[in-house]
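Let us go through the labels used for this model and ask what stands behind each one.

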Amino acid sequence: MAEMGSKGVTAGKIASNVQKKLTRAQEKVLQKLGKADETKDEQFEQCVQNFNKQLTEGTRLQKDLRTYLASVKAMHEASKKLNECLQEVYEPDWPGRDEANKIAENNDLLWMDYHQKLVDQALLTMDTYLGQFPDIKSRIAKRGRKLVDYDSARHHYESLQTAKKKDEAKIAKAEEELIKAQKVFEEMNVDLQEELPSLWNSRVGFYVNTFQSIAGLEENFHKEMSKLNQNLNDVLVSLEKQHGSNTFTVKAQPSDNAPAKGNKSPSPPPDGSPAATPEIRVNHEPEPASGATPGATIPKSPSQSSLPAVVVETFPATVNGTVEGSSGAGRLDMPPGFMFKVQAQHDYTATDTDELQLKAGDVVLVIPFQNPEEQDEGWLMGVKESDWNQHKELEKCRGVFPENFTERVQ
């Protein structure tokens with residue numbers, strides 16, 4: 001028999017998988033119509049509900065933790081810029097310059113150490129914790145399919161037994177298929193019945209360890225940062241004491257047409273009182289023109305606005321990453337309905353014929369499900385970019401894959 005594809009999938013195997021899907025679909029229709037009974041396990045269904053809740057909570061925690069880390073990194077950059085500014089304005093002959101520079105270096109190292117420890121002790125632990133969910137979710141879905149297979153085999157066997165004309169050969173074969181389907185289902189069911197409650201109970205210890213680590217790291221960070229801030233304050237107090245007799249005044253900036261600094265002394269106050277530290281006001285009034293008396297108010301015409309002008313930039317609308325209205329806007333190189341690209345961050349071994357086999361680094365073109373009701377939470381439909389470029393056939397290449405194993409790249 002001729003082989004199809006690089007993995008040696010035979011035509012017989014493909015036909016068998018197609019037949020399985022048809023049989024399952026027929027069985028589900030009969031069950032929904034009430035024409036066939038469905039095997040129920042309320043205890044297992046409760047375990048699945050707990051599993052989905054645990055996955056949702058864990059995914060949210062992972063997202064919020066990444067946001068927290070991004071904020072720490074942003075604060076690090078802001079703190080670094082502020083210290084660089086202090087180093088630039090701190091003149092070489094001022095006392096404590098070397099101490100201030102050393103404090104800035106330690107400040108930078110402290111932020112870096114804090115961020116790295118958060119990654120090692122919280123984020124990586126979080127990723128490991130969530131890494132076990134996609135495989136279990138896949139096995140739960142597979143158990144559901146095997147349960148449908150078992151119910152279908154059971155109904156087929158029962159129908160042959162109650163038929164008016166009994167065919168013993170067909171009955172024997174149907175019984176064999178029933179026993180096989182039951183064995184496959186029960187093996188998967190038993191494993192999940194043991195794993196799901198254990199996974200559910202593990203969440204308490206995980207949450208405790210994660211938040212204890214974050215709280216402990218943050219406490220130590222603020223203690224060390226407080227010491228550095230105190231040291232910097234001591235340096236600045238020393239600078240103030242040695243230069244406290246100097247008077248630092250803020251002078252108005254001359255206009256372009258005004259005499260150069262030093263050629264003309266500031267005008268005395270209008271009341272003739274001794275000069276004092278000038279008053280600083282912040283308003284939206286325009287600067288006085290060259291030659292105007294300092295402090296004089298320039299009347300404005302009704303057409304003048306005291307508010308600054310606002311510049312509004314407009315950008316072309318985009319649809320699915322394509323600029324709308326631009327030349328060549330169609331995504332002819334992409335599959336129909338293409339939404340965005342993701343890249344596999346971990347290897348994923350397909351457990352059923354409708355799943356994609358992924359290697360870390362594979363790029364997948366994400367497309368919508370033909371029937372949105374078939375989409376399970378946390379799963380996407382797509383086609384590997386390499387397969388699409390080679391075949392351009394969705395029916396042959398598309399499949400589902402766990403979103404948690406990938407990262408969006410476009």
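**Labels and their grounds**

Q: Why is Tyr90 called buried?
A: Tyr90 has a relative accessible area of 2%. Buried means under 20%, exposed over 50%, and partly exposed in between (1.4 Å probe, protein chains only). So Tyr90 counts as buried.

Q: What makes Trp94 partly exposed?
A: Its relative accessible area is 23%. That lies between the two cut-offs, so Trp94 is partly exposed.

Q: What kind of model is this, and how are residues numbered?
A: This is a predicted model: local features need pLDDT of at least 70, side-chain atom pairs count only at pLDDT 80 or more, and totals for chains, interfaces and linings use all residues. Residues are numbered from 1 along each chain as its sequence is written, and side-chain values use heavy atoms, with hydrogens and water left out.

Q: How many aromatic pairs are there by the ring rule?
A: The count is 10 aromatic pairs. Rings of Phe, Tyr and Trp (its six-membered ring) pair if their centres lie within 6.5 Å; planes under 30 degrees apart are stacked, over 60 edge-to-face, and the rest tilted.

Q: Why is the pair of Tyr90 and Trp94 called edge-to-face?
A: The ring centres are 5.5 Å apart and the planes stand at 70 degrees. The distance is within 6.5 Å and the angle is over 60, so the pair is edge-to-face.

Q: What makes Tyr129 and Phe133 an edge-to-face pair?
A: Their ring centres are 5.5 Å apart, with planes at 70 degrees, so the pair is edge-to-face. Tyr129 and Phe133 are both buried. Ring pairs link them with Phe51, Phe206 and Tyr207 into a cluster.

Q: How do you know that the charged end of Arg203 sits over the ring of Trp200?
A: It is 3.6 Å from the ring centre. The rule asks for NZ of Lys or CZ of Arg within 6 Å of the ring centre and within 35 degrees of the ring normal. Arg408 lies over the face of Phe340, at 4.1 Å from the ring centre.

Q: Why are α3 and α5 called roughly antiparallel?
A: Helix α3 (residues 97–131) and helix α5 (residues 168–242) pack at about 175 degrees, with axes 10 Å apart. Angles under 35 degrees count as roughly parallel, over 145 as roughly antiparallel, 65 to 115 as roughly perpendicular and the rest as oblique. The α3–α5 angle is over 145, so they are roughly antiparallel.

Conventions
Axes fitted to C-alpha atoms, helices over the stretch in contact; angles between N-to-C directions. Helix = DSSP H or I, 4+ residues; strand = E, 2+ residues; numbered from the N terminus.
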